[in-house]
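User: I am new to this structure and would like a close look at a single part of it, followed by a short walk through its surroundings. Please take your time and keep the explanation connected.

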Amino acid sequence: MGRTMSRDGSERDGTDDWEEEVAEWDEEVSEWEEGDGATADGDDHVDDDPDLDPDSADRVPKVVSAGHINWDVTIHVEQLPEPDGETRIDLLEQSGGGSAANVAVGLVGLGGQSVVYGSVGGDESGALALRELASAGVDPGQVLVDADAPTSVKYAIVDGSGELLMLANDGANESFTAAELDRDTLAAADHLHLTGQQPGTAAALATAAAEAGTTRSFDPGRRLGDREFEAALHATDLLFLNAPEADALADSTDIDPWEPDDRVVAIKLGEEGATIRTPHGDVSHPGFDIDAVDTVGAGDAFAAGFLGAALRDPDITGDGFSHDPRDYQVPLLVGNACGAIATETVTARADLSWDRVRSMMGESPESDLLIEVRV
């Protein structure tokens, strides 16, 4: 249901005060429509000078990121070959990958603390993936090493126009279960971020985090339509989806990501930026005008940026994720900036930092004025 604090900061006890909270919202909406803060379209006032100073944050978030840990091979070619054809490799890069690992590294780059939870094989690729995580400042101490399976290796082939072909083996990246994660580690975290994994594992981890009082987010990825994720989806406070995933979820479950009634949903719109949907309205931003090199990992970078900004603000996550769309202007800007940075990076693992976020926004000084808030 969102925060159990009234807009003036006084505490309330949730369900019993729901009618009072709705009345407060109705009063605020009337004030916005009548006051100077609303546009001609009835949109809420937009902060034209967002605070992007992480040094002034009230806390440094600690996040457990659970899901896939891969070794990535990224291959750039001028044109994807036809069947039985051949093409020349222009660039080949190897790096750590996997959505859980990518988000964990991104959060550390933005000054957070990350523990990654997943599994790798007992091979050279697994050792390389763990070494790279540790070098980035991520705690890999909870990662399960499955000596009987190979580390998942993903091949991303990108042509000159940005078209993408993915080849992957599952390997050991879903050998882990909820049982192996140390519960003290989970209880000490501010947030649990779930990415693609076995549905039962995701549901069990989300349930354990809820019992520990830890907020939860879930980015199920492109296999959303093939897996029974409904229990995990219902157990999370914040969902990350792209537009086709949002449509598929609305068609197949009782969750409507476009008009959520009990959670926050971040919907990534590719070149058109992103929109944050809440039960009380939404906030949107069209993204940044850049020349994309490689879109692999852009969604992970968006999630890292959004969480890196939102989790620092106790007004947003002090008592579960806020349902006030106005609270998400800065997280949305940071998420879009990080996604844009990732598309300028050859591999799926973007090097995120607050300096790079500010630089990206500096290339589009009107970006804050393009935010649209609806209630």
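How many of the 5 residues of strand β1 (residues 62-66) are buried, and is the strand largely enclosed or not enclosed by the rest of the structure?

Analyst: This is a predicted model, and what follows should be read with that in mind. In strand β1, which covers residues 62-66, 4 of the 5 residues are buried, so the strand is largely enclosed by the rest of the structure. Buried here stands for a relative accessible area under 20%.

The pairing of β1 adds to this picture. With strand β4 (residues 113-117), β1 pairs in the parallel sense over 5 bridges, and within that pairing Ser65 has Val116 of β4 as its bridge partner. β1 also pairs in the parallel sense with strand β9 (residues 191-194), here over 4 bridges, and His191 in β9 is the bridge partner of Val63. As a general point, side chains in a regular strand alternate between the two faces of the sheet.

Other strands are arranged in an open sheet, in which 4 strands follow the order β3-β2-β7-β8 with mixed pairing. Its edge strands, β3 (89-97) and β8 (164-168), each pair on one side only, and from one strand to the next the twist averages 15°. Strand β2 (residues 70-77) runs antiparallel to β3, and 8 bridges join the two; in one of these places, Trp71 has Gly96 in β3 as its bridge partner. Helix α3, made of residues 124-135, lies across β2, β3 and β7 (153-158), and runs at about 95° to β2.

A helix further along the chain can be read through its buried and exposed residues. In helix α7 (residues 243-252), the residues Glu245, Ala246 and Leu249 are buried. Because these residues cover an arc of only 100° around the axis, they lie on the same side of α7. The buried residues of α7 pack against α6 (230-234), β11 (238-242) and β12 (264-268), while the face turned away from the buried side carries the exposed residues Pro244 and Asp251. At the start of α7, the backbone nitrogen of Glu245 has a side-chain oxygen of Asn242 within 2.8 Å, and Glu245 is thus named twice here, as one of the buried residues of the helix and as the partner in this contact.

Terms used:
Residues numbered from 1 in each chain as written. Predicted model: local features only at pLDDT ≥ 70, side-chain atom pairs only at ≥ 80, totals over all residues. Heavy atoms only, no water. Buried < 20%, exposed > 50% of the residue type's maximum accessible area, 1.4 Å probe, protein only. Arc of directions from axis to C-beta. Contact = heavy atoms within 4.5 Å. Polar contact = N/O pair within 3.5 Å; in protein donor to acceptor, adjacent residues only side chain to side chain. Pairing = 2+ DSSP bridges. Axes fitted to C-alpha atoms, helices over the stretch in contact; angles between N-to-C directions.
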